[in-house]
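Colleague: Could you walk me through this model? I have a few questions from the bench side.

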Amino acid sequence: MYKSEDKSIWRVFREHHYLTQDFNKGANVFLLYWNNVLIGINSTLNLPCTSLKYAFRTHRLVILPDYQNLGCGTKFEEFIGEYYKNQSCRLFLRTSHLRLGEHCANSL
């Protein structure tokens, strides 16, 4: 997992995301590699909130089709959660992906 400043990398993943192909220019970008092959992206945005300082939300999470159903997405989201937790921040996720949502709900 690497943090990246290159937001143009979204072009590799945008056709595989179910929402709009737009990508927020303010997003924090994390890239997932497996054996030196780029397989995933996870981006987060600052979550403006009056009651919580240092909160973020997942903006886009995509694992390329050849690497889906291997647990990469859930592990990637856990890793990002730990990354923010270690910085005394909180990460929030809203997803329509049933298994990812169930996994996150059970990992609390």
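Colleague: What does the pLDDT of the protein average?

Modeller: Happy to help! This is a predicted model, where local features need pLDDT of at least 70 and side-chain atom pairs count only at pLDDT 80 or more, while totals for chains, interfaces and linings use all residues. Residues are numbered from 1 along each chain as its sequence is written, and side-chain values use heavy atoms, leaving out hydrogens and water. pLDDT is the predictor's confidence in each residue, from 0 to 100; 84% of the residues score at least 70, and the protein's average is 83.

Colleague: Where in the protein is confidence lowest?

Modeller: Helices (H or I, at least four residues) and strands (E, at least two) are DSSP runs, numbered from the N terminus. Confidence is highest in strand E2 (residues 28-34), at 95, and lowest, at a mean of 57, in helix H3 (residues 98-106).

Colleague: Which residue forms a salt bridge with Glu78?

Modeller: A salt bridge is a side-chain nitrogen of Lys or Arg within 4 Å of a carboxyl oxygen of Asp or Glu. The structure holds one. Its closest N and O atoms are 3.8 Å apart, and the partner of Glu78 is Lys75.

Colleague: Which helix do Glu78 and Lys75 both lie in?

Modeller: The two are three residues apart, about one turn of the helix, and that helix, residues 72-85, is H2.

Colleague: Is Lys75 buried or exposed?

Modeller: Buried means under 20% relative accessible area, exposed over 50%, and partly exposed in between (1.4 Å probe, protein chains only). Glu78, at 30%, is partly exposed. Lys75 has 55% relative accessibility, so Lys75 counts as exposed.
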